[in-house]
Amino acid sequence: MEKKIILTAKQIHKSYFMAQNQELKVLENINLEINKGEIVSVIGESGVGKSTLLHVIGTLDRPTKGQLFLNNTEVFSMDDEEMDSFRNITVGFIFQFHHLLPEFTALENAAMPGLIARRNIKEVYSRAEELLFEIGLKDRMRHKPSELSGGEKQRVAFARALCNDPLIVLADEPTGNLDTVNSEVLRSQMWNLVRKKNKAFVVATHSKKIAGYSDRVVEIKDRGLREIDKDLL
Ligand SMILES: Nc1ncnc2c1ncn2[C@@H]1O[C@H](COP(=O)(O)OP(=O)(O)OP(=O)(O)O)[C@@H](O)[C@H]1O
Ligand SMILES: [Mg+2]
């Protein structure tokens, strides 16, 4: 398959500043390229900065230094408002905890990013419905989060992540709250949908098994990023 780079992170540094301006360096000089349709796992020990990296490449947080290009557009030169609307149509997220809105149905939750982007309501709902159908939740559209199982909630969150047909989907421990069997069910459903839609997908995970299903694996260690031969996992 022809390679098309859709995300380039250049010399990203990220520190957190604590009381008395004490600097906690988490990431230093990170360079990363992601191609269209590629599934990449980010591994590394707890606290190394996997979530931090996902937040930065997903534009939820700004780096201390560095650039991020999404489809050749540099993102951190935008102001916050521009970045928020750019993110909403460019990046889909799924986290360890579903973050669904409790008052809304599965369908409404899955449609939310499209409604926020003020797209045509009918089209947004029909797309959300199709995504829920594709992820096997045809019979759960009207359920509220409290009326769904853990795995089902994550599937709704995944449909929501795809609602605006984003350039890239980022997942932070998406199966972290599920038992082994349900983790694998969700994993394969996510993989199928990502492959079908030819989306780039970046997953932070503790699971070597999940990482093993990816096209590429990168590891964060000592604040840097390196490619790992996934056969050596
Ligand atoms: N908002 C914050 N302010 C200060 N320090 C933070 C903040 N968020 C994270 N950290 C610190 O930055 C480091 C990296 O955190 P991060 O959450 O990115 O790690 P992680 O690799 O995702 O870990 P885990 O596998 O446990 O989820 C940790 O040492 C953490 O304590
Ligand atoms: Mg984390």
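## Helix α1, two sheets and a ligand shell

Helix α1 lies across strands β1 (5-17), β2 and β4, and runs at about 125° to β1. The model is a predicted one.

**Helix α1.** This helix spans residues 50-57. Six of its eight residues are buried, so the rest of the structure largely encloses it. Those buried residues are Lys 50, Thr 52, Leu 53, Leu 54, Val 56 and Ile 57. An α-helix has 3.6 residues a turn, so residues three or four places apart point the same way. Just after α1 comes Thr 59, with a positive phi of about 65°.

**Ligand 1.** Which residues surround ligand 1? The shell consists of Tyr 16, Leu 24, Val 26, Gly 44, Ser 46, Gly 47, Val 48, Gly 49, Lys 50, Ser 51 and Thr 52. Two elements, β2 and α1, each give two or more residues to this shell. Helix α1 gives the most, with three residues. By class, the shell holds four nonpolar, six polar and one charged residues. Lys 50 and Thr 52 belong to the shell, and both are also among the buried residues of α1.

**The four-strand sheet.** Strands pair through backbone hydrogen bonds, in either the parallel or the antiparallel sense. One open sheet has four strands in the order β2-β1-β4-β5, and its pairing is antiparallel. Its edge strands are β2 (23-35) and β5 (73-74), each paired on one side only. Strand β4 covers residues 65-70 and pairs with β5 over two bridges, in the antiparallel sense. There, Phe 69 stands opposite Glu 74 of β5.

**The six-strand sheet.** A further open sheet has six strands, ordered β6-β7-β8-β3-β9-β10, with mixed pairing. At its edges are β6 (91-94) and β10 (224-228), and each pairs on one side only. The twist from one strand to the next averages 20°. Within this sheet, β7 (residues 168-172) and β8 (residues 200-204) pair in the parallel sense over five bridges. The bridge partner of Ala 171 is Val 203 in β8.

**The nonpolar core.** How many residues make up the largest nonpolar core? It has 61, of which Ala 110, Ala 159 and Val 202 touch the most other members. Helix α5 (residues 150-162) gives the most to this core, with six residues. Val 202 touches Ile 34, Val 40, Val 42, Leu 54, Ile 168 and Leu 170, leaving out residues up to four places away in sequence. One of these contacts, Leu 54, is a buried residue of α1.

**Positive phi values.** Two residues other than glycine deserve a look at their backbone. Gln 11 has a positive phi near 45°, and Glu 173 has one near 50°. Where do they sit? Gln 11 is found in strand β1. Glu 173 is in the loop between β7 and α6 (180-196). Is Gln 11 buried or exposed? Gln 11 is exposed, because 12 other C-beta atoms lie within 10 Å and the exposed class takes 12 or fewer. Glu 173 is partly exposed, because its count of 19 falls between that limit and the 20 or more of a buried residue.

| Residue | Phi | Place | Other C-beta atoms within 10 Å |
|---|---|---|---|
| Gln 11 | near 45° | strand β1 | 12 atoms |
| Glu 173 | near 50° | loop between β7 and α6 | 19 atoms |

Conventions: Residues numbered from 1 in each chain as written. Chains lettered and ligands numbered in written order. Predicted model: local features only at pLDDT ≥ 70, side-chain atom pairs only at ≥ 80, totals over all residues. Pairing = 2+ DSSP bridges. Contact = placed C-beta atoms within 7 Å. Axes fitted to C-alpha atoms, helices over the stretch in contact; angles between N-to-C directions. Near = placed C-beta within 6 Å. Nonpolar A, V, L, I, M, F, W, Y, C, P; charged D, E, K, R; others polar. Core = buried A, V, L, I, M, F, W, Y, C linked by C-beta atoms within 7 Å.
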